[in-house]
Amino acid sequence: ALLIMVMATSAVSGVSRLNLKVGEEIYACNRGEACPYQTLSLAPVKCTCGRDLVKAKVVKVEKGIAYLQAPGWENPRPFKTVGKYACACGPKCKCTVISQKLGKCPCGKEMRPVKQ
């Protein structure tokens with residue numbers, strides 16, 4: 001199992017930034033660039049858009065962007081690693097979800113804006 005280091009920099013108790021490294025695995029929305037939420041999570045939950053996240057591997061990292069590759073994806077897809085919104089379920093939250101658009105966290109709580 002790969003260890004994913006997460007740095008909390010949020011106005012809420014959730015995580016707003018994922019510090020990913022090449023070779024790590026994370027869950028991402030299967031819609032990729034077509035999904036305006038660009039949801040990333042450390043857990044296999046549903047995207048803020050309601051679809052299942054898929055396990056993807058980090059193949060490249062640039063400032064604020066991780067390129068992910070998942071089974072069935074022809075090419076790596078870019079995902080922002082700094083969320084505009086994070087799950088507001090508190091410090092013991094197991095969702096560890098960031099999103100680029102406001103919506104519901106997979107645990108049912110509302111996402112909250114984060115301070116960058």
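A residue counts as buried under 20% relative accessible area, as exposed over 50%, and as partly exposed in between. Glutamate 25, at 34% relative accessibility, is therefore partly exposed. The model described here is predicted. The protein has 10 strands and 0 helices, and 41% of its 116 residues count as buried.

**Fold and sheet**

- Read along the sequence, the elements follow the pattern β-β-β-β-β-β-β-β-β-β.
- An open sheet is formed by 8 strands, in the order S7-S6-S5-S3-S4-S9-S8-S10, and the pairing is antiparallel.
- The edges of this sheet are strand S7 (77-80) and strand S10 (111-113), each of which pairs on one side only.
- Strand S7 pairs with strand S6 (residues 65-69) in the antiparallel sense, over 4 bridges.
- Within this part of the sheet, leucine 68 has arginine 77 of S7 as its bridge partner.

**Salt bridges**

- Side chains of opposite charge can pair when their charged atoms come close.
- The whole structure contains 4 salt bridges, and three pairs are described here, beginning with lysine 55 and glutamate 25, whose closest N and O atoms are 3.8 Å apart.
- Lysine 55 belongs to strand S5 (residues 53-62) and glutamate 25 to strand S3 (residues 25-29), so this salt bridge ties together parts that are 30 residues apart in sequence.
- Lysine 55 has a relative accessible area of 44% and is partly exposed; its partner glutamate 25 is also partly exposed, at 34%.
- Lysine 46 and aspartate 52 form another salt bridge, with the closest N and O atoms 2.7 Å apart.
- In that pair, lysine 46 is partly exposed at 42% relative accessibility, and aspartate 52 is partly exposed at 48%.
- Glutamate 62 and lysine 60 meet through their side chains in a salt bridge with an N to O distance of 3.1 Å.
- The relative accessible area of glutamate 62 is 36%, which makes this residue partly exposed; lysine 60 is partly exposed at 40%.

**Rings and the charge over a ring**

- The structure holds 1 aromatic pair.
- This pair consists of tryptophan 73 and phenylalanine 79, with ring centres 6.3 Å apart and planes at 15°, so the rings are stacked.
- The cut-off for stacking is an angle under 30 degrees between the planes, for rings whose centres lie within 6.5 Å.
- Tryptophan 73 is buried at 6% relative accessibility, and phenylalanine 79 is buried with a relative accessible area of 0%.
- Lysine 60, the salt-bridge partner of glutamate 62, also lies over the face of tyrosine 67, at 5.2 Å from the ring centre.

**Contacts and surface**

- Of the contacts between residues at least 6 apart in sequence, 48% join residues at least 24 apart.
- The accessible surface of the protein is about 6,400 Å², and carbon and sulfur atoms account for 52% of this area.

Note on methods. Residues are numbered from 1 along each chain as its sequence is written. This is a predicted model: local features need pLDDT of at least 70, side-chain atom pairs count only at pLDDT 80 or more; totals for chains, interfaces and linings use all residues. Side-chain values use heavy atoms; hydrogens and water are left out. Two strands pair if DSSP finds at least two bridges between them. Helices (H or I, at least four residues) and strands (E, at least two) are DSSP runs, numbered from the N terminus. Buried means under 20% relative accessible area, exposed over 50%, partly exposed in between (1.4 Å probe, protein chains only). Rings of Phe, Tyr and Trp (its six-membered ring) pair if their centres lie within 6.5 Å; planes under 30 degrees apart count as stacked, over 60 as edge-to-face and the rest as tilted. A charge sits over a ring if NZ of Lys or CZ of Arg is within 6 Å of the ring centre and within 35 degrees of the ring normal. Contact means heavy atoms within 4.5 Å. Accessible areas come from the Shrake-Rupley method with a 1.4 Å probe; for residues, only the protein chains shown count as cover.
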